[in-house]
Amino acid sequence: MLGYGVPLLVAMMVGTRGFTYGMTKPASDALYTRVPRETRYKGKNFVETAVWRLGDLVVTSGISGLGKLGVGLAGIALIGTGASTLGTWVARKAATSPDLAPEIGNAPPPDFGEAARS
């Protein structure tokens, strides 16, 4: 067991840290690009401490509470599926929100490709 456990643990840690630095952290930082520097600094600290910690507490307490109420693994998975479906719907609405559209004055110039350069 130990022969397979340590390499699997190392592979999982490399995968999760790589995903965090390559996807999660840049996506999180992109949320703060349209606010002033001071607001961004204070907001990021608040979100990364209070909001994430509260979310961890709510999820772990909720799962423990559901287990004490007799909800099995399938029920918890069904609730998780519903929560992720709701999250997908909210993300889709946010992606098409006119409030989050790029500002016209800050848009980069269009790139017409190699044909325009020759």
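A residue counts as buried when its relative accessible area is under 20%, as exposed when that value is over 50%, and as partly exposed in between. Keep that handy for the exercises below, and bear in mind that this is a predicted model.

**Exercise 1. Get the overall picture: work out which elements the protein has and what share of its residues is buried.**

Start with the secondary structure: there are four helices and zero strands. Reading from the N terminus, that gives the order α-α-α-α. Next, apply the burial cut-off to the 118 residues, and 2% of them turn out buried. Finish with the surface, which adds up to about 10400 Å² of accessible area, with 70% of it on carbon and sulfur atoms.

**Exercise 2. Walk along helix H2, compare its span with the expected one, and find where it bends.**

H2 covers residues 37–68, so count 32 residues; the expected span is 1.5 Å times one less than that number. That expectation comes to 46 Å, and the first and last C-alpha atoms of H2 lie 45 Å apart, close to it. Now look for a bend: H2 has one of about 30° at Val-47. Past the end of the helix, check Gly-70, which follows H2 and has a positive phi, near 95°.

**Exercise 3. Find the salt bridge and say how its two partners are placed in H2.**

The structure has one salt bridge to find. Its partners are Lys-42 and Glu-38, and their closest N and O atoms sit 2.9 Å apart. Because the two are four residues apart in helix H2, about one helical turn separates Lys-42 from Glu-38. As for accessibility, both Lys-42 and Glu-38 are exposed.

**Exercise 4. Classify Ile-76 by accessibility and list its contacts beyond four places in sequence.**

First place the residue: Ile-76 belongs to helix H3, residues 73–95. Its relative accessibility is 22%, so Ile-76 counts as partly exposed. Then leave out the neighbours within four places in sequence, and the contacts of Ile-76 are Ile-63, Leu-66 and Val-71. For a distance along the way, take Gly-62: it is 14 residues from Ile-76 along the chain, and their C-alpha atoms are 9.7 Å apart.

**Exercise 5. Which residues form a nonpolar patch with Val-10, and is Val-10 itself exposed or partly exposed?**

Look in helix H1, residues 2–30, where Val-10 is found. Val-6 and Val-14 join Val-10 in a nonpolar surface patch, and together the three have about 260 Å² of accessible area. Val-10 has 47% relative accessibility, so this residue counts as partly exposed.

Technical notes
Residues numbered from 1 in each chain as written. Predicted model: local features only at pLDDT ≥ 70, side-chain atom pairs only at ≥ 80, totals over all residues. Heavy atoms only, no water. Buried < 20%, exposed > 50% of the residue type's maximum accessible area, 1.4 Å probe, protein only. Areas by Shrake-Rupley, 256 points an atom, 1.4 Å probe, with all protein chains shown as cover. Bend = angle between axes of the 7 residues up to and from the residue. Contact = heavy atoms within 4.5 Å. Patch = residues over 30% accessible without salt bridge, like charges linked within 9 Å, V, L, I, M, F, W, Y side chains within 5 Å. Salt bridge = Lys/Arg side-chain N within 4 Å of Asp/Glu carboxyl O.
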